[in-house]
Each structure stands twice: as C-alpha cells, then as structure tokens.
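Work through the exercises below with the structure open beside you. Try each task before reading its solution.

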Amino acid sequence: MNDQLIIFDTTLRDGEQSPGASMTRDEKLRIARQLERMKVNVIEAGFAAASNGDFEAVRAVAEAIKDSTVCSLARANELDIRRAGEAIRPAASKRIHTFIATSPIHMEKKLRMSPDQVVEQAVKAIGWAREYTDDIEFSAEDAGRSEIDFLCRIFEEVIKAGATTINVPDTVGYNVPEQFAATLRTLIERVPNSDKVVWSVHCHNDLGLAVANSLAAVRAGARQVECTVNGLGERAGNASLEEIVMAVRTRRDIFECDTRIDTTQIVPASKLVSGITGFPVQPNKAIVGANAFAHESGIHQDGVLKHRETYEIMRAEDVGWSANKLVMGKHSGRNAFRSRLQELGVVIESEEQLNNAFARFKALADKKHEIFDEDLQSLMSDDSSEPQEHFRLVSSAFHSETGETPCARVTLSVDGREQKVESCGSGPVDAAFKAIESIADSGAQLLLYSVNAITTGTDAQGEVTVRLSKDGRVVNGQGADTDIIVASAKAYLNALNKLQGSTERLNPQV
Ligand code: KIV
Ligand code: ZN
C-alpha cells in the first residue's frame, strides 16, 4: 500500500465556516503561503461560487501558490463547477472538489431528489469538472449516515466518470472509530477500480472523535485526510492537522505511512490562524497548546532532565516551538529588516509597503528595545496606519485614576477628514470604544474582546482581537501595540473597516 498520506487542508474553506472566522482575501493569502511553507499537499482555498469575494480569494491563492495543489469546493451543479474552474485556472496544480449529499435524510429532506437523480447529477458534475482539470475529488456529503450499498453505487459511477479522489465525509461527526474504519474497508473492497483512486476522509468533531475517526480510516486504507489548522471548522470543528500529522509521524509503526509536512512550520501556522481568526488555542491543546510540552510535576521534570524520552514522545522544536528569538533592535537597518521578513516568508508587495512597515518597526523599536519574530509578524499584519483605510486612528489619550471615571479622547481620520471626540466608560477600553463608536456610529454588536501578550515580558506588545457583528455579518479585527488601550482601539477600527468592505454573498455557505 502507498505509504504517502496526503494532507488536504481546508482551513480556508471549512475552517472559515466557523461563525466569526471569516477572513479577508489578504488574510487567506497569508495563511495559504504558510500552508505552502508547511508543505501541505492540497489547499482548499474556498468555495468560489459563494460570492465574488470568495471567488477572488480562491483566484488570488491560485495565482500565488506554486508548491501545493489549489482546490475550490463546488456543489454538483454546472454554475458552481464553472466558477470553481475559473477561479483555480491560474494554479500550477489545480483540483475541483465537488459534492452532493447521499444520506437518505439529506436526499429526501434537503435535496428533494431520488437516489437515481443524485447519481445522475454527480456523474454530470464530474463531466463539467473535467473541462477544467483531471484532478477531481468527489465527496458524498453525510457519507457517515449514508447506506453502504448506495455509497458503493455512486462511487463506482463517479470513478467511471473520471473522479480521482473519493472523499468520505462524516459531515455531522456521528461516527465512531471502529465503525468508520469498517466503512472505509468495505468501500475499498467492494467499489470496482478502488485501487485507481485515492480514498479520503473528512471528519467533524461533534463527538470529539474527528482525529480518532480519521486515523482509524488511515489504518483501513485512506490515504488522504482533510483537516484544518487548530481543528478550526464548522460547529465543533474539523480534524486537527497538527494532531493527524504528528500521530502518523510519531507512530509510523502503527500507521505505516507518513506525510511530507515540514512539522517545524506547525506552531507558526497555528499562531497565524489563531491571530487572524481571533480563535485562541486552549493551553492544553495537543501539539500547539502553550502547555503541550510543559512539565509541571517534579517527578516529570526530574525524569525529563535525566533523559528526555522518559516523559516526552515528541520534541517541541520539531513542531516549531522555539524560545522567542531576538532578531532586531533599534539600530537594525532597512536591509536587515527586509531580509528577516523574507526569511519569515513574509511577502513584501511594494517598496511603499516596505517603507511603511519599516517606519512602524522603528517606532516600535523606540518603545520596545528587543524585537522578536512574533513582533515582526504582527507588525506586517497591522494595516491600521494605511492611508486608504476608511477609519484610521490619528491620536488618542486615556485617563484612568482610582476613584475617577475613566475617559478617552480619540482623533480619527474618516475618509481623510479628522474628527475628535471624548467619551467616558467603565474602564479605558470601554471609554475608547465608546469614543470611536460615537464617531463611526456603526451600530455593530461587540461579540468578543480578547487580549494576548505576543511575547514574554512586561514590555511585550498586546495583541487584541475584537469581533463585531452587524446585519448577520461577523468580522474580526486585530490590533497590536505596547499600549493595550491603543491596541484595543486599533482592533476595533480594523473590525469597523472590515464591516465597511463588501457584504455580498451570493450563495449560502455549504
Ligand atoms: O462536512 C462536509 O461534508 C463537507 C463536504 C463539503 C466535504 O465539508
Ligand atoms: Zn466539512
């Protein structure tokens, strides 16, 4: 059996379907570049037919990525497939992933189609997809609750029509490992020409079994796993990429396969996705949680000091944990700045962007003498001082004293025109948000406010995430600064600027 396990990352598609995790085109591009650096085989960049914004994001990823296959999701209809085909056209290696539901409940209640019609539609979909690429994935949505005879029938037909990857999703996270493995075994045994395609699984985590089910399927012969960074995804999420990759790497004796993933890129990817979406990683999360390699008990510490493998089955540095690396200071020059960004894989699109970022770097170095990689990453995602932003923070002053009501004075540039306002609140952050809101008058609802220190030390930058909702749209804003009130104001403005962006969504999410 093939010993290569294909890692299909769907952070940008299923991951984005987590409420509140929507990402801009540029954020998707940054994540896609990190996924490429991590060497994932396939990047599902989005669902091109969902909106013009989704189409543009898939197209931008297809243009930028060279070393991973770029894929778009499409329902099994002609319009979706043609949008997907157009969006991925520029990619060096491209895939269309088309799907239709196969469980009795979905066919009868959602699609209102007979099983015969579903098979016919699936076969037609493969035909349309073949006009764009030979790399075609077919998913039987809700396969986890579908009848095995019907799955065998539809898979036989789509393979005949030209599908090259057959995906078995446990869409609602209903399966348990032994049962899911048995399903895979039966399908691989019974479907004609099953050895001509790659068998794939896509598990959701409603019962906390997404990784266990995916790994059981790998033992049964699946050679592609669909997963997301940090297990982000619809409802309780998808199988987590880092857990799948490290399980097969650490227990090759059990899984008899391996991935091509550069595991040292796992923690940077986790931090990037968490920072962009505002979804924090729980401290005890396997592989990427802050405590994943921390030993508290004296007995454990003693054992690890004597011989690391007494209590550690993986090395922290192998998954990308490293002590904060001091990279630069206030005397570092523009060339050193540029080359460190290049080493970090940050793409600088113009001299103007470099100049703006370098000015921000100098301002930060004046406040904070030691600048770490994490500071540079955050600096590059900070677009709050870009002149084209609708709302921009010009200046701010905050007053907070024991026994006094905290107040904020904020000057904003709104489409280039300055406005100044003063407000009070229960704390300085509350006062700052009220001041901003009295100018912006967005009426948006604040869903989340969270602060994290980017590095260690009391001079660290605070990274703030603000999640706002308006008219059914949810956006995340980020801001970083050594002053957490300023970081909070920047994050709020960043979210408001995103709400100003396009609201169009042509099709409902999958
Ligand atoms: O969960 C699911 O079934 C999906 C499919 C579109 C693969 O996300
Ligand atoms: Zn899914």
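The exercises that follow use a predicted model.

**Exercise 1. The shell around ligand 1**

Task: Find which residues are around ligand 1, then sort the shell by class.

Solution.
- Step 1. List the shell. The residues around ligand 1 are Arg 13, Asp 14, His 97, Phe 99, Ser 139, Glu 141, Pro 169, Thr 171, His 202 and His 204.
- Step 2. Sort by class. The shell holds 2 nonpolar, 5 polar and 3 charged residues.
- Step 3. Map to secondary structure. Strand S4 (94-101) and strand S5 (136-141) each contribute at least two residues to this shell.

**Exercise 2. Polar partners and burial of ligand 1**

Task: Take the side chains of Arg 13, Thr 171 and His 202. State how far a polar atom of each is from an oxygen atom of ligand 1.

Solution.
- Step 1. Start with Arg 13. A side-chain N or O atom of Arg 13 is 2.9 Å from a ligand oxygen.
- Step 2. Go to Thr 171. Here the distance from a side-chain N or O atom to an oxygen of ligand 1 is 2.6 Å.
- Step 3. Finish with His 202. One of the polar atoms in its side chain lies 3.1 Å from a ligand oxygen.
- Step 4. Add the burial. Alone, ligand 1 exposes 260 Å², and the protein buries 96% of that.

**Exercise 3. Asn 238, behind the shell**

Task: Decide whether Asn 238 is buried or exposed, and find the side chain that it joins by a polar contact of 3.1 Å.

Solution.
- Step 1. Locate it. Asn 238 sits in the loop between strand S8 (224-227) and H9.
- Step 2. Apply the cut-off. Buried means under 20% relative accessible area. Asn 238 is at 3%, so it counts as buried.
- Step 3. Find the partner. The side chains of Asn 238 and Asp 14 are joined by a polar contact of 3.1 Å. Asp 14 is also one of the residues around ligand 1.
- Step 4. Check its other neighbours. Beyond four places in sequence, Asn 238 touches His 202 and His 204, among others. Both histidines belong to the ligand shell too.

**Exercise 4. A buried glutamate**

Task: Glu 242 is a residue of helix H9 (residues 241-250). Which side chain makes a polar contact with the side chain of Glu 242?

Solution.
- Step 1. Check accessibility. Glu 242 has a relative accessible area of 1%, so it is buried.
- Step 2. Look for a polar partner. The side chain of Lys 285 makes a polar contact with that of Glu 242, at 2.9 Å.
- Step 3. Survey the surroundings. Contacts more than four places away in sequence include Thr 228, Val 229, Ile 266 and Ile 287.

**Exercise 5. Two positive phi angles**

Task: Compare Arg 235 and Glu 256 by phi and by accessibility.

Solution.
- Step 1. Read phi. Arg 235 has a positive phi near 50°. Glu 256 has a positive phi of about 55°. Neither residue is a glycine.
- Step 2. Place them. Arg 235 is in the loop between S8 and H9. Glu 256 is in the loop between helix H10 (252-255) and helix H11 (266-277).
- Step 3. Classify. Arg 235, at 44% relative accessibility, is partly exposed. Glu 256, at 58%, is exposed.

Notes: Residues numbered from 1 in each chain as written. Chains lettered and ligands numbered in written order. Predicted model: local features only at pLDDT ≥ 70, side-chain atom pairs only at ≥ 80, totals over all residues. Heavy atoms only, no water. Near = heavy atom within 4 Å. Polar contact = N/O pair within 3.5 Å; in protein donor to acceptor, adjacent residues only side chain to side chain. Areas by Shrake-Rupley, 256 points an atom, 1.4 Å probe, with all protein chains shown as cover. Helix = DSSP H or I, 4+ residues; strand = E, 2+ residues; numbered from the N terminus. Nonpolar A, V, L, I, M, F, W, Y, C, P; charged D, E, K, R; others polar. Buried < 20%, exposed > 50% of the residue type's maximum accessible area, 1.4 Å probe, protein only. Contact = heavy atoms within 4.5 Å.
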